[in-house]
Amino acid sequence: MAHPPDDPQGPFEGPEKLLEIWFSPSPNDVPDAANPDSSGRTGLRKVDRKVWEGMLNIVKCQVLSVIYGDDMDAYLLSESSFFVSPHRLILKTCGTTLNLLGLPRILEIAATQANMHSVYRCFYSRKSFMFPERQLGPHKDWKQEVEYLDNIFATGAAYTVGKVNGDHWLLYLTDPGDASSSELSPIDSNPESSQWLPTDYTIEILMSNLSNSARTPFFSSLSPCDDPHTYAAALSQQLGISDIFPPHLTKLDAYTFSPCGYSANALVKWNDELTCKDKDGAVTKSEEGYYTIHVTPEEGWSYASFECNVPSHASTKNRSIPDLKTLIQRVVSIFQPGRLSLTLFISNQDNDTAESVEAAQRAFKMALDDPCHLPRGNISLPNDRGLPAYRRTDKINYEFGGYDLAFASFELTV
């Protein structure tokens, strides 16, 4: 990811473990939705930072900084990121962190400090590790991770997507309202609620074998007087990271590690005009998303990840927001990977989700098949690297309970 290796003599595991826990279907369903604090926070956002830091100590990572948004808070960690919404937590950690060991404490915090005694849905996913032998605890192999989760959740399901002997993606998910084997009771999972829930949308671009020119900027020799955040802000501007989404809509928190590495969280105001009706008919704004980037630049195990939940249809409302094809090209042009995997995970309460997943596959291919064309929309990127030609090595569409997945892998053409 973005900091010195656990063992200075050994490689660092860039691919992250991603845990996402929903305690209710939306922020409108948290117990104190009608009773925000003086800052307008409800649900899990009311939990004190020190409480979350205690949980993160179990995981073996620390908080570097936090940015507070209107709808969520973004914690930049020594090993990746932690996002807190009223109803949902996203914990993304790399290296040899013990991501899943934080789960019991998260459930306890939700119950005791936010009056959330049930889990609506839980997702755990990761790319195949580069150095699985270096992992600790349940993360030593996928079977142990699944067993650990099965001991908490009653009806979880585990999947392997992609080539087992190549780049693949692993996913564990629970059904809506799944009771855990602790004494959490499931919430009312009325299927009619899907009529008012906003679409859940996450794109991941997982890149390895970064080019030499893409890796070099992420090495630094910071003095004790240098501010890693200030240095990273300048680097973000230089490389075009600050311009992936319109800067005037983006709150970016970036950090440069010494001797190498980079992390960034961003909160994006993607549509001030988009509204949705909740189950009681009230109109609620739904406008803030996130993206997060983590870079391990060392030769031999170079890796960069990009994750974002700003939906692609936002570009139809706001022309300054990149569409999916343009977003992919902007990210890939910065990191110039030799290999990459893309996943689009989208809730399927809408009838056109299957079409959306296939449209995503077309966007994946169009973004990476043309080595000359790099559309920039209404935003100019400082780097003019363009894109080399990639060939697709895997294309898989999957339908899960309530979600659809588009997965594709690409590698540079020779």
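Which residue takes a positive phi just after H7? In the predicted model examined here, that residue is Gln336, whose phi is about 45°. The helix before it and its surroundings are taken up below, after an outline of the whole chain.

The protein contains eight helices and 18 strands. Of its 414 residues, 58% are buried, and among the contacts with a separation of 6 or more, 71% join residues that lie 24 or more positions apart.

Helix H7 covers residues 324-335, and its twelve residues should span 16 Å at 1.5 Å a residue, a value with which the 17 Å between its end C-alpha atoms agrees. The helix is mostly covered, since eleven of its twelve residues are buried. These buried positions are Leu324, Thr326, Leu327, Ile328, Gln329, Arg330, Val331, Val332, Ser333, Ile334 and Phe335, a list in which the polar residues Thr326, Gln329, Arg330 and Ser333 stand beside nonpolar ones.

The largest nonpolar core holds 50 residues, of which Ile205, Met207, Phe245, Tyr262, Phe306, Phe335 and Phe364 touch the most other members. H7 gives the most to this core, with seven residues. A second, separate core comprises 38 residues and includes Ile21, Val51, Leu100 and Leu149. For Phe364, when neighbours within four places in sequence are left aside, the contacts are with Ile203, Leu324, Ile328, Leu342, Thr343, Leu344, Ala406, Ala408 and Phe410; two of these partners, Leu324 and Ile328, are also among the buried residues of H7.

Helix H2, formed by residues 103-114, likewise has twelve residues, and the 15 Å from its first C-alpha to its last is close to the 16 Å expected at 1.5 Å a residue. The buried residues of H2 are Leu103, Ile106, Leu107, Ile109, Ala110, Ala111 and Ala114. In an α-helix there are 3.6 residues a turn, so residues three or four places apart point the same way. The spacing of several buried positions can be read in this light, including Leu103, Ile106, Leu107 and Ala110. The cover over the buried residues of H2 includes strand E1 (17-22), H1, strand E5 (88-93) and helix H3 (142-150). H2 is followed by Asn115, whose phi is positive and near 55°.

Helix H1 (residues 49-59), named above as part of the cover of H2, contains Ile58. This residue has a relative accessible area of 35% and is therefore partly exposed. Apart from neighbours within four places in sequence, Ile58 is in contact with Leu98, Leu101, Gly102 and Arg105. Ile58 and Gly102 are 44 residues apart in sequence, yet their C-alpha atoms are 5.9 Å apart in space.

The structure holds 18 aromatic pairs. In one of them, the rings of Phe123 and Phe345 have their centres 5.7 Å apart and their planes at 85°, so the pair is edge-to-face. The pair links distant parts of the chain, with Phe123 in strand E6 (residues 121-127) and Phe345 in strand E16 (residues 337-347), 222 residues apart. Phe123 counts as buried because its relative accessibility is 5%, and Phe345 counts as buried because its value is 10%. Both residues belong to one aromatic cluster, formed by Phe123, Tyr159, Trp169, Phe345, Tyr398, Phe400 and Tyr403.

With regard to cysteine, the count of disulfides comes to zero. Cys94 is in no disulfide, and the nearest cysteine sulfur, that of Cys61, is 8.7 Å away, whereas a disulfide would require the two sulfur atoms to be within 2.5 Å. Cys94 has a relative accessibility of 0% and therefore counts as buried; Cys308, also at 0% relative accessibility, counts as buried as well.

A buried polar side chain is found in strand E11 (residues 262-269), which contains Ser263. Ser263 counts as buried because its relative accessibility is 0%, and the side chain of Ser263 makes a polar contact of 2.8 Å with the side chain of His294.

Technical notes:
Residues are numbered from 1 along each chain as its sequence is written. This is a predicted model: local features need pLDDT of at least 70, side-chain atom pairs count only at pLDDT 80 or more; totals for chains, interfaces and linings use all residues. Side-chain values use heavy atoms; hydrogens and water are left out. Helices (H or I, at least four residues) and strands (E, at least two) are DSSP runs, numbered from the N terminus. Buried means under 20% relative accessible area, exposed over 50%, partly exposed in between (1.4 Å probe, protein chains only). A polar contact is a pair of N or O atoms within 3.5 Å; within protein, one must be able to donate a hydrogen and the other to accept it, and residues adjacent in sequence count only if both atoms are side-chain atoms. The expected span of a helix is 1.5 Å times one less than its number of residues. A nonpolar core is a set of buried Ala, Val, Leu, Ile, Met, Phe, Trp, Tyr and Cys residues joined through side-chain atoms within 4.5 Å. Contact means heavy atoms within 4.5 Å. Rings of Phe, Tyr and Trp (its six-membered ring) pair if their centres lie within 6.5 Å; planes under 30 degrees apart count as stacked, over 60 as edge-to-face and the rest as tilted.
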